[in-house]
Amino acid sequence: MKYTYKHTMRACYMGYITQAIVNNLAPILFIIFQDQYNISLEMLGRLILINFGTQIIVDLLTVKYVERIGYRKATVIAHICCALGLMSLGILPQIMSKPYIGLTIAVVIYAIGGGIIEVLISPIVEFLPGEEKASAMSLLHSFYCWGQVGVVLITTFLLKLMGGDMWFVLPIMWASIPLYNLTRFLKVPIVEPHAEVETMSTRALLSTRGFVIALLLMLAAGASELTMSQWSSLFAEQGLQVPKVIGDLLGPCLFAVLMGIGRMVYGIWGHKINLNRALLGSGILCIVCYALTIFATHPFVSLLGCAVCGLSVSLMWPGTFSLTSATYPRGGTVMFGILAVFGDIGAAMGPWIAGVVSDRAGLGLKAGLLVAIIFPVLLVVGILALKNIAVPDELK
């Protein structure tokens, strides 16, 4: 069989589905971890912090060493780590005297794979032949959403079918996805960046005011998205007192569906949309959704705010990637790596801060989400600041 760039794109889509699995499976199981292992909200939030904190470190190492290792080997290593980490999530807490340590080890292992995927999949797509890179990037990132939808739906259904005591079977089952995809990355054609093409240095990028603002946007995007998506399942069950199945379907699942729809719409018609204005609208809508989730008195109205938040954050991460890539076409892997680092910083800090505030305030997760509303506010401020930065005409 002759593999083409279409197979490469499909492998990249599956790579983002893999990342969705490792980022979103554990939060669906948080209520089980809390009940079976007596884990506090802060400790659960710490697992999220460890996940994305590890990804940050791996992001930096990937940027430094990927040219020596090569894109193909690095992506294969990433999928191996994701598979091993997911299997460890199901096994280690069952056999270790301190289950939380087992959970932590598993998270670290699959976070290594997630960090490599985050840095490399986007530039792999960026380097493939073709036009309309912004649309391709948004379409790529939509598969993260569909992966999240699949994780929520299938995991929720199987938990209902098997019972919470059999939760450990699910991570082992999900490990089959990265195991399959690593065989694809062994064969598909990959366009490695050419050494003769001069790219901007890290110092040159960081000395540019527009790029610094882009890093702020990535931090805000990561925190805005992950704070809501990581806590929505537990928030629905404990904070809103709705059954877990209903809470998961109307909270994190619908969140992911709307996020995926938003990214697909931009992937198809993105070339007709003003990216700056779209990002500004996304930030404003996100603020409204957070406020609705926190202050609505009816549980289903609050869940609606949580779900529509998925639409509001849909463009933030891929849109910032595309905007920055178009502004700095010689940014290369270093640029994507630094952007991923700041996105992961936001993804790590946002949910953890929400967990800490919720524990200490004693008011439940609404207190944590109220503090987290600062992140979409930062994104709006950053987009407004970009008005004074020169960008290509097609992005104005």
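**View 1. Ring pairs tie F33, Y37, W167 and F168 into a cluster.** This close-up, like the others here, comes from a predicted model. F33, Y37, W167 and F168 are the rings to look for, linked to one another through ring pairs. Across the structure, the tally of aromatic pairs comes to 6.

**View 2. W317 and F321 make a stacked pair.** A pair of aromatic rings is described by how far apart the centres are and by the angle of the planes. For W317 and F321, the centres sit 6.5 Å apart and the planes meet at 25°; stacking needs planes under 30 degrees apart, so this pair counts as stacked. Both residues belong to helix α14, which runs over residues 316-327. They are 4 residues apart there, or about one turn of the helix. Buried or exposed? W317 and F321 are both buried.

**View 3. The largest cavity holds about 110 Å³ of space.** Rolling a probe the size of a water molecule over the atoms shows where empty space is left. Here that turns up 4 cavities of 30 Å³ or more, and this view goes into the largest one, with its roughly 110 Å³. Elements giving two or more residues to its lining are α1 (5-28), α6 (133-162) and α10 (209-239). Helix α1 has the largest share, with 3 residues.

**View 4. The lining of the largest cavity mixes nonpolar, polar and charged residues.** Sorted by class, there are 5 nonpolar, 3 polar and 4 charged residues in this lining. Y16, Q19, N23, F52, E118 and H141 are among them, and so are Y144, E225, L226, R263 and D344. W317 lines the cavity too, and you've already met W317 as the stacking partner of F321.

**View 5. S88 is a buried residue of helix α4.** Helix α4 covers residues 71-95, and S88 is found in it. The relative accessibility of S88 is 13%, and anything under 20% is called buried, so S88 makes the cut. Which residues does S88 touch, leaving aside its neighbours within four places in sequence? Those contacts are P93, A106 and I109.

**View 6. Zooming back out, the chain has 17 helices and 0 strands.** Its radius of gyration is 20 Å, close to the 21 Å that the globule rule gives for 396 residues, so the chain is as compact as a globular protein of that length. Along the principal axes, the C-alpha atoms fill a box of roughly 55 × 45 × 35 Å. Buried residues make up 58% of the 396. Of the contacts with a separation of 6 or more, 86% join residues 24 or more positions apart.

Methods
Residues are numbered from 1 along each chain as its sequence is written. This is a predicted model: local features need pLDDT of at least 70, side-chain atom pairs count only at pLDDT 80 or more; totals for chains, interfaces and linings use all residues. Side-chain values use heavy atoms; hydrogens and water are left out. Rings of Phe, Tyr and Trp (its six-membered ring) pair if their centres lie within 6.5 Å; planes under 30 degrees apart count as stacked, over 60 as edge-to-face and the rest as tilted. Buried means under 20% relative accessible area, exposed over 50%, partly exposed in between (1.4 Å probe, protein chains only). On a 1 Å grid over the protein atoms alone, a cavity is a set of points where a 1.4 Å probe fits but cannot get out, and a pocket is an open set with protein on both sides within 12 Å along at least five of seven lines; lining residues have an atom within 4 Å of a point. Grid points are joined across faces, edges and corners, and a volume is the space filled by probe spheres set on the points. Ala, Val, Leu, Ile, Met, Phe, Trp, Tyr, Cys and Pro count as nonpolar, Asp, Glu, Lys and Arg as charged, and the others, Gly among them, as polar. Contact means heavy atoms within 4.5 Å. The radius of gyration is taken over C-alpha atoms; the globule rule is 2.2 Å times the number of residues to the power 0.38.
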